[in-house]
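Subject: Structure for you to look at

Dear colleague,

I am handing over the structure below, with notes on what turned up in it. Please read them with the model open.

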Amino acid sequence: MAFTEDLTQYFDTNDFGVEASFTSSGTAYTAKGIFDNLYSEDLSVNGTVPTFTCVESDVTNLAVDAVCTINSTNYIVRAKKPDGTGITMLVLEKSI
């Protein structure tokens, strides 16, 4: 169950948040969130895992494989991970 409080304050672009543009099923829209590109190492394979964490209601209709642009870099949404509190983490892959 999602919290009823306004969660947008946590993603303010005047602080740590950034704006992402999405194109999904022919529809374009934006969302504010936190972008991370953390280093990961698994079974001797290393690299980065870009993620975008935002308010769940901002990406409810977003499809996996949607195109996402953050800081002039294009990504593909590979997974949506809602946490049950009204926040969703999108797992991204840099578009080639």
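Y75 has a relative accessibility of 6%, so this residue counts as buried. The model is a predicted one, which applies to everything that follows.

Aromatic pairs

Three lots of ring contacts deserve a look: the search of the whole structure returned 3 aromatic pairs. In one of them, F22 and F52 sit edge-to-face, with 6.0 Å from centre to centre and 65° between the planes. F22 belongs to strand β1 (residues 18-24) and F52 to strand β3, and the pair links distant parts of the chain, 30 residues apart. F22 and F52 are both buried.

Y75 pairs with F35: the ring centres are 5.5 Å apart and the planes stand at 45°, so this pair is tilted. The cut-off for edge-to-face is a plane angle over 60 degrees, and for stacked it is under 30 degrees, so an angle of 45° falls in the tilted class. F35 is part of strand β2 (residues 27-42) and Y75 of strand β5 (residues 73-82), so the pair ties together parts that are 40 residues apart in sequence. Unlike Y75, which is buried at 6%, F35 has 21% relative accessibility and therefore counts as partly exposed. Buried requires a value under 20%, so F35 at 21% does not qualify.

Ring pairs also join F22, Y29 and F52 into a cluster.

T53 and I87

Next to the ring pairs in my notes is a contact between two strands. T53 is located in strand β3 (residues 45-55), and I87 in strand β6 (residues 87-94). Along the chain, T53 and I87 are 34 residues apart, while their C-alpha atoms are separated by 7.0 Å.

Are these two residues buried or exposed? T53 counts as buried because its relative accessibility is 18%, and I87 counts as buried because its value is 15%.

Leaving out residues up to four places away in sequence, T53 touches F11, G33, I34, I87, T88 and M89. With neighbours within four places likewise set aside, I87 is in contact with L7, F11, T53, C54, E56, K81 and P82. F11 therefore appears in the contacts of T53 and in those of I87.

Regards

Terms used: Residues numbered from 1 in each chain as written. Predicted model: local features only at pLDDT ≥ 70, side-chain atom pairs only at ≥ 80, totals over all residues. Heavy atoms only, no water. Helix = DSSP H or I, 4+ residues; strand = E, 2+ residues; numbered from the N terminus. Buried < 20%, exposed > 50% of the residue type's maximum accessible area, 1.4 Å probe, protein only. Contact = heavy atoms within 4.5 Å. Phe/Tyr/Trp six-rings, centres within 6.5 Å; stacked < 30°, edge-to-face > 60°.
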